[in-house]
Structure formats: C-alpha cells, structure tokens
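User: Could you take a close look at one membrane-annotated stretch for me, and then set it in its surroundings? I'd enjoy a connected account rather than a list.

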Amino acid sequence: MSATATILTVDRLSVRLPKGADRPHAISEVSLSIAENEIVCIVGESGSGKSMMANTIMRLLPDGVTTDGGRILFAGHDLCTATAAEMRRIRGADIAMVFQEPMTALNPLRTIGDQIGEVLDIHTDLSKAEIRSRVLSLLTDVNIPDPPRAAKAYPHELSGGQRQRAMIAMALALDPKLLIADEPTTALDVTTQAQILKLIRELQQRRKTAVLFITHDFGVVAEIADRVVVMQHGVVVEHGPAMDVLRHPQHAYTKQLIAAVPPVAAPPPRPLSDNAILTLSGVVKTYRTGGFLGRGERVTHAVKDVSLTLPKGATLGIVGESGSGKSTLARCIIRLIDPDAGSILLNGQDWARLSRGDIRERTQQMQMVFQDPFASLNPRRKAVELVAQGPIVHGTPRNQALAEARELFDLVGLDPSAADRFPHEFSGGQRQRIGLARALALRPAVLVADEPVSALDVSVQAQVLKLLTDLRERLGLSIIFITHDLRVAAQICDLVAVMKDGVVVEHGLTRDVFGSPQHPYTQALLEAIPGGDFARTAHG
Amino acid sequence: MDAAKRYFRSPAAVLGLILLLIVVGMAISAGYLYPRDPLALAGRPLIWPFANPRFLLGTDNSGRDIAAQIFHGARISLLIGGVATLIAVTIGIMVGALAGYYGGWIDNILMRITEAFQTLPNFVLLLVLVAVFGSTLTTVTIAVGIVSWPAPARLTRAEFLSLRSREFVQAGRTLGMRDTQLILREILPNALPPVIVYAGVVMAVAILLESALAFLRLSDANVASWGNLIGLGRDVLRVQWYVSAIPGVAILTTVLAVSLVGQGLNDALNPRLKQR
C-alpha cells in the first residue's frame, strides 16, 4: 500500500443508533482504508452495519442516527465535520455510489440520458451538446447495447442489468476517485451479475478508481476483491488480502460465512424410488391481455410444454433465472394458477383438471412454502394461529389444531413458547420456519418450495436447508424446490431441471447436470456463479 | 395493549377522546339533567345566555331551553352519526371487498354503480331521498348512510386490490380456504385500519349532513337536534346570533373530536408505524 496513495481512511468510526434500536451502535470503532486502484469488499450479513458504512461515508444517515467518534479522512478532509455544502460537492463528483435496486434508485419519469446528464449539468459547466456526447460515451463505456436508444429510454424500458449499467455510468460520469457499490448485483440474475462484476472490474482497472464494494456473498468477494473486511454486528472481525481471508480464514464467523457458501458439487446421490409421486406432462401456461399477473396486451408463454417426474421421497430442483417460468410452473402445480394444458398427476389424480372445490379438499396432499418470509405470513395473526390455520380449515377442532401447531414449532426448530407472538417479532429465518410449519401442519406428501431461502442470509440459509433435508428424511416428503441459486440447488436436490424461457432445457441427476452440463445454457449458468474456481473447489 | 399505549402517547388523540367523552356524557346525562321534553316551552323567548340562572344557555325564539336542546341534541347527533356511519361502512366494505377481491366484470359493475353515486353531489341525493321517503329520524339516518358509502367502498377496494395478490393470501388459498374465509379472515383484518380511520370522517360528514338538512328544515322537526336549532336561529341570526352559534359550536366540537379520534386510531392501529 506504500506505493499507491490512500484515498479513504476510516479511523475508529462509530455510529450511534437511536434509543430503542436493537443495539446502541450500528458501527463501533471500525477502521479501514482504501488505496487508489483497489477494490475493498465489506462482507457481512444483514444487520452487520455494512450498508451503514456506505451511508456514513456519504453522510446519508437516516434521522436519529449520528456519527459518534472517529474520523473519515477523504483526500485530507474529515468528512464527519464537513459542511453540507462541502458534502454536496464531494458526493457524485469525488465519491459516487451505486445502489442495490436500480429500479428504485432511478427516477421513473425521466429518461436515462437525462438523469446521467443531470449529474454533469450540476457539477460541470459543459454545454448541452457536450453533455449529450459525454452521456453517450459513458453509456458506451458500460457496454449498454445501442447507447443512443438507451439514453432516450425510461428506466422501466430497460432490463435489470441494463439499468444497473446505467447507474454505473451515472456514478462514473464525473470520474470519481472513490466508487461505493452497495450490493450492486444482489437483485440481478447470475449471468447478469457475472457481466456486471466483470464490467466493474474492467472500468476500475481502466480508470484506476478505488472501489468500496459491499456484499453479503463470498462468491462475489472471490470474484472481485483485492482486500476484504468482514463485519459482524457493527464490528470488523477480520480483514486482509482477499485470497488470504478466503483460503485461511482466522475468525470463527468468517469461517462460518465461507462454509455457508459450499462448492457447487452435488452430494453423493441417494437411492431414488422408482415410483413417481408427481408426474407433469405437457404443462402449458400462456398469459394474455389483462390477467392479474400479466402486464398488458402482450402474449407471454410463461411455461411451454413442461414434462417432469418427481420420484417418491426425492427432491426435484427447478433452476432458472428470473422470467424462466419456474415460479409460474410452481404455481401451476399447486393450482394457484390454472394451467392451459397438460396434466399434473398426483397419486393418480390429475390436478390440472380438478375443480377449485376439489382442489380445496385435497390441499393436504400438496403444500407450498413461499419466498418472502415477510409477505407470506398474515401480520395480524399469531404464529401458532398461522400454523393451525390449515388443519382448522380442514375440520380439526380448534383447540386440537392449536396444540398440534405448538408441537410443530419444536419440529421446525422454533421455541414453542414463542408461539403466541406475531410474525413481526420473528427474524427472517424464523418466519420461514413458521411458513414451513404451516405447510407441514397438513402433513402433505409433496411440498412445493418457491425460493424458500432466497430472502435469507447465507448462514440462515444453510440452517433452513439443513432443516429441510432433515424433515425430508423424517417425514418422507417429496419436494419440488424452485431456486435461482445453483449452489442451493446442488446442496439439496437429487434431481434438477434447468428452465429457460418456459422450457426445460436439461434435466437429470444433480450430479450429472452440474458435473457435466450438456446444454450451453446450463454451462453458462454454472460459469456465471460468482467466485468461479473458488466456488467449484472444496474449501472451508 | 400496545395499540392503547401508542394511542395515549398522542396529545391530539387524547384531546379528541376527551371531547368525544364529553359529548357522549352530555348524551347520557341529558335525561337526568333535563328530564322535561326539550321541545316544550320553558320560559320567555330569546333570553341571552347567562342572563337567567334557570336557562344557562338562554332560550330560543319560541322560549325553549337551549341547554336542554344541546344535551338532548347530542343524543340525536351521535345516533345519526353512528348509525349512518355503520350503514355506510358496511355497504362500502361489502361492495369494495367484492370488487377488489374478484376483479373483472364484478369489479366493473360495482365500480360503475359507485361512480354513479359519486357523480351526484351527495347532498342533492340526500334531498331527493328525504323528499321521496319523508323526513323521520329513521329515514334521514338511512338516507345519510346511503349517500356516504361510495368513499369507504373505493378505499376498501384499493386495499383489497393490493392485498389479494400478497403471498399470505396465496398461502391461505393453498391451505384450502374458501373465498369467503380469505376475504373475511385473511384480507379484511389487514384492510380495515384505513377504513376505520375513514369511518371517523364519514361520521363527521354524516353529522354535518343532518345539520344541513335540519337547517333547511328538512330533518325530523319532532326531535331536538342541533341542526334544527341552527335552523330556528336562522330567523334571528342578526341579533340573537347565539341561538345558531351555540349548536354550531357543539357540532364543531363533535366533528373535531371524531376526526381526532379517527386519526389517533390510525396511528395506533397501524403496526407498521412502529418500525418507522
């Protein structure tokens, strides 16, 4: 670090949270430094204070949250004591920021070119024509296809990846010395994520920018970081060069985080039953005008002619990126959506053809676990009521159902004494366990899990996956497991089907599909997993 | 309990509750304090307030005790406000829930009907209803309820539209719940808080509508309502202005109290506020 100049030094920085928060300090006594031409990753799970770091450096703290000791030295200035006017000059021009969700970070009513141009308009005195040409060259730099058209487009007209490229173009407009990227790829598909990471790396090398990259994913760290800072509960637990930390983690928490990112290698295959419990053949779902999920007059072939078989007691993973139709397929199987054609045979009965009323009576056979642990629980019901709901609907006396629900709490690893709390009093992982208990309360034979761990922190993910494997053995469950994350699929699925644009492009034993992928799309997906070699080799 | 604590933390909400309790207290105590018919002649007409200790708030142009009419009027106003609100909110929730939950042609038909009601100024509609069905206390109350339902209906529909596609509703469906169970037990409790708050506004407007009818002497003249008193005072407004002003203040206080309580309930019932 002696050879290159230090751009930013954070010195024993503490940030105080308002009274009544879960801890007194969001960040306490954190020190780190970033040199020119260097990418530093801050890694940590939700609540570690990593995003608060970014906001503190930009001085964009929410009301009631204040810095409380320490200094942030940027180019000789202490940002903690800078005036609001000084900060305005620094933001955008010297320190730029890229956010997690480009759709909400961009103004939906103005064109991309307009918004990038605004940055130049505020901070420079370039003419309109110069600004326009700068905007186009920036958009070319971030490899947006057809830059002149992209400049005229509104945010909703671009894909997620293109929006993030536009955000990066905006952040780089003034050649900042420091770029802060707060989970910039978390909302993106793996293949897009790989492209964006590559782009950030390239631009950083070309412009010698210092980058502070905030992420929860050690795969991303392996992909991009020069140095790593691991944070937990607002404290730095470990830091050092990326390869050292990844290969030889010292702190227990770092080890745990890295262990939670297992290699994409399927466990030894389990013997599979020859009896199929669920057979899909030729399932089709097309959205047309109107429809409550479709977006307008366009015809979308969400699921095209999908045929799959789930052996009894097995776990079938359906993997794919957003828009591949995997969630639509899950909802067709459980008949939240009516498929247009095809058959869904469960225990010899065709669910695709049963009436709504017949489905209602048979819901004990097949249950669903939802993605979002915050949205999938009715906020006005106690946890125990949520779990008992299903049996009560199916005629179990209320008191008996409630008593059985309490027993289920134990089964999914929750404290039965917490049963009378409301959902908002539980953490994300705990809520997902409640969702699981709710599904299991009906003793289903088949469980359809739609991205059940995607909204959870990695270490919590590992726990929930372990619970799911345990329960699968103990209760003899057959599971359809929908996920976009190949690492998760590799851990839990016996069989895997890869979907793209509503079609299953490849399916088979997980070990075969991930070990020697045949279809180019499967190969591309596996290639795009962040951390590349690190993810594919054993470690931890 | 939490909700109650949050409610009492807001000074405005507490003030509203105190005012409302005073009005309710007046309604309850009217029978004891003024056991005589408030519409019976009591003394000389047009005695100014505080001029005669027997008539603390004076008398109106036909010599009836204003204080007695204010106390008994509290009963009428609360009764009309409460019952009319109940009618309006019940119709509104039913229409809004069905339209929002089912969508499609059901939504189309129900919303066109709602719009038909909304395009008519509701006071004109109220006048028509009263003109046709007469102006007894019952018909006036029902009429006020009938003209007030479109707004709660639209509000409920909007809530249902955003809630029906939530995952917890889908989860309920996969558990095998019927539509009625989903509507009443899953969605409605979550949709209710803004409607309850709006009920405060509906109640305030209902009281005002009745007063306006009474001012035009189209309300039930055989009951002691604040509106009737204002209507009477109209004739002597330039000199004995207190005949109209006193019931006016009573209406203002009640409407203010109801609104403050509604707002307080909104802040207290909304658990999401806790996280802000």
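Analyst: Happy to. Over residues 123–147 of chain B, the chain is 88% helix and 0% strand, with its end C-alpha atoms 8 Å apart. Here helices are DSSP runs of H or I with at least four residues, strands are runs of E with at least two, and both are numbered from the N terminus. Please keep in mind that this is a predicted model: local features need pLDDT of at least 70, side-chain atom pairs count only at pLDDT 80 or more, and totals for chains, interfaces and linings use all residues. Residues are numbered from 1 along each chain as its sequence is written, while chains are lettered from A and ligands numbered from 1 in the order in which they are written.

The stretch is one of those that an unreviewed UniProt entry annotates as "transmembrane region" in chain B: 12–34, 78–102, 123–147, 195–218 and 239–261. Those positions follow the numbering used here, the feature names are shortened, and such annotations may be inferred rather than shown by experiment. A useful counterpart is 239–261 of chain B, with 87% helix and 0% strand, where the end C-alpha atoms lie 36 Å apart.

The chain around these stretches has 11 helices and 0 strands, so to speak an unbroken α-α-α-α-α-α-α-α-α-α-α from the N terminus on. The C-alpha trace of chain B spans about 75 × 45 × 30 Å along its principal axes. Of its 276 residues, 45% count as buried, meaning that 20 or more other C-beta atoms lie within 10 Å of a residue's own (12 or fewer is exposed, in between is partly exposed, and C-beta atoms are placed from the backbone). Among contacts in chain B between residues at least 6 apart in sequence, 69% join residues at least 24 apart; a contact is a pair of such C-beta atoms within 7 Å.

Chain B also has a partner: 18 of its residues are in contact with 22 residues of chain A. On the chain A side, strand 17 (366–369) and helix 14 (383–393) are the elements that give two or more residues. Helix 14 of chain A gives the most, with 3 residues. By class, that side has 10 nonpolar, 8 polar and 4 charged residues, where Ala, Val, Leu, Ile, Met, Phe, Trp, Tyr, Cys and Pro are nonpolar, Asp, Glu, Lys and Arg are charged, and the others, Gly among them, are polar.

While we are in chain A, its strands are worth a visit. An open sheet of 4 strands there runs in the order 13-12-15-16 with antiparallel pairing, and its edge strands are strand 13 (300–311) and strand 16 (349–350). Strand 12 (276–287) and strand 15 (341–346) of chain A pair over 5 bridges, two strands being paired if DSSP finds at least two bridges between them. A:Leu280 has A:Ile344 in strand 15 as its bridge partner.

Lastly, three residues of chain A. A:Phe218 is found in helix 9 (218–224) and counts as buried because 30 C-beta neighbours lie inside 10 Å. Beyond its neighbours within four places in sequence, A:Phe218 is in contact with A:Val43, A:Leu257, A:Ile258, A:Val261 and A:Gly531. A:Asn37, in the loop between strands 2 (25–35) and 3 (39–43) of chain A, has a positive phi near 60 degrees. A:His233, in the loop between strands 10 (227–232) and 11 (235–241) of chain A, has a positive phi of about 45 degrees although it is not a glycine.

How values were computed. Two residues are in contact if their C-beta atoms, placed from the backbone, lie within 7 Å.
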